[in-house]
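Visitor: Could you take me through one part of this model in some detail? I would like to understand how it sits among its neighbours.

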Amino acid sequence: MSEKTKYVQSSGKRKSAIARAVLSYPAKGQIKINNVPLDFYEPEIARYRIQEVIELINHPKVEKCDIEVVVKGGGKMSQTGAVRIAIAKSINKFVGTKTIEKTFREYDEALLSGDSRRIEPKHFGGKKARARRQKSFR
């Protein structure tokens with residue numbers, strides 16, 4: 001008999017980009033971001049940043065997982081950061097060992113916890129958060 005398919009959902013945020021990942025096991029081992037296979041994902045530097053999360057883990061179960069990610073908002077690199085966090089969280093939740101969590105945390109602390117930096121709200125007396133009207137005395 002065939003195994004029952006297991007699904008793990010997770011999400012990741014970076015600036016204003018939000019990524020939702022669904023990991024399914026057993027499967028063919030494909031990774032798709034917005035229905036684009038990872039091999040064809042552009043720009044190239046973004047593809048490498050996503051691949052390093054997968055290459056960090058050498059677990060036999062992870063190679064047989066399909067990961068589908070839907071990402072919205074933000075720019076390309078912000079979306080890449082959100083995808084990295086979502087994939088790392090789903091792999092950590094799926095395998096569930098302390099060694100994988102430790103490996104992620106040693107490599108990059110933000111892979112499991114996310115980046116808490118957000119845009120500063122606008123303050124009184126200017127057009128933006130820090131910008132003020134220049135004054136000239138001479």
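Please start with one point: is the crossing of helix 1 and helix 3 left-handed or right-handed?

Guide: Helix 1 and helix 3 make a right-handed crossing (a crossing is right-handed if the near helix is turned clockwise from the far one by less than a right angle, left-handed if anticlockwise). Before going further, please bear in mind that this is a predicted model, in which local features need pLDDT of at least 70, side-chain atom pairs count only at pLDDT 80 or more, and totals for chains, interfaces and linings use all residues. Residues are numbered from 1 along each chain as its sequence is written, and side-chain values use heavy atoms, with hydrogens and water left out.

Let's begin with helix 1 itself, residues 44-56 (helices, H or I with at least four residues, and strands, E with at least two, are DSSP runs numbered from the N terminus). For its 13 residues, 1.5 Å a residue gives an expected span of 18 Å, and the end C-alpha atoms are indeed 18 Å apart (the expected span is 1.5 Å times one less than the number of residues).

The buried residues of helix 1 are A46, R47, I50 and V53 (buried is under 20% relative accessible area, exposed over 50%, partly exposed in between, with a 1.4 Å probe and protein chains only). Viewed down the axis, these buried residues fall within an arc of 120°, so they line one face of the helix (the arc is that of the directions from the helix axis to the C-beta atoms). An α-helix has 3.6 residues a turn, so residues three or four places apart point the same way. On the face turned away from the buried side, helix 1 carries the exposed residues I45 and E55.

What do the buried residues pack against? Their partners are strand 3 (31-33), helix 2 (76-95), helix 3 (98-107) and helix 4 (110-113). R47 deserves a closer look, being buried at a relative accessible area of 13%. Apart from neighbours within four places in sequence, R47 is in contact with L38, D39, Y41 and E42 (contact means heavy atoms within 4.5 Å). E42 is also joined to P43 by a cis peptide bond, with omega about 0°, and P43 belongs to the loop between strand 4 (36-37) and helix 1.

Now for the helix pairs. The axes of helix 1 and helix 2 come within 9 Å and cross at roughly 15° (axes are lines fitted to C-alpha atoms, for helices over the stretch in contact, with angles from 0 to 180 degrees between N-to-C directions). These two helices are therefore roughly parallel to each other (angles under 35 degrees count as roughly parallel, over 145 as roughly antiparallel, 65 to 115 as roughly perpendicular, and the rest as oblique). Helix 1 passes helix 2 in a right-handed crossing. Among the helix 1 residues at this meeting are A46, I50 and V53, while the helix 2 side includes M77, V83 and I87.

That brings us back to helix 3. The axes of helix 1 and helix 3 come within 10 Å and cross at roughly 140°. With that angle, helix 1 is oblique to helix 3. Here E52, V53 and L56 of helix 1 meet T103, F104 and Y107 of helix 3.
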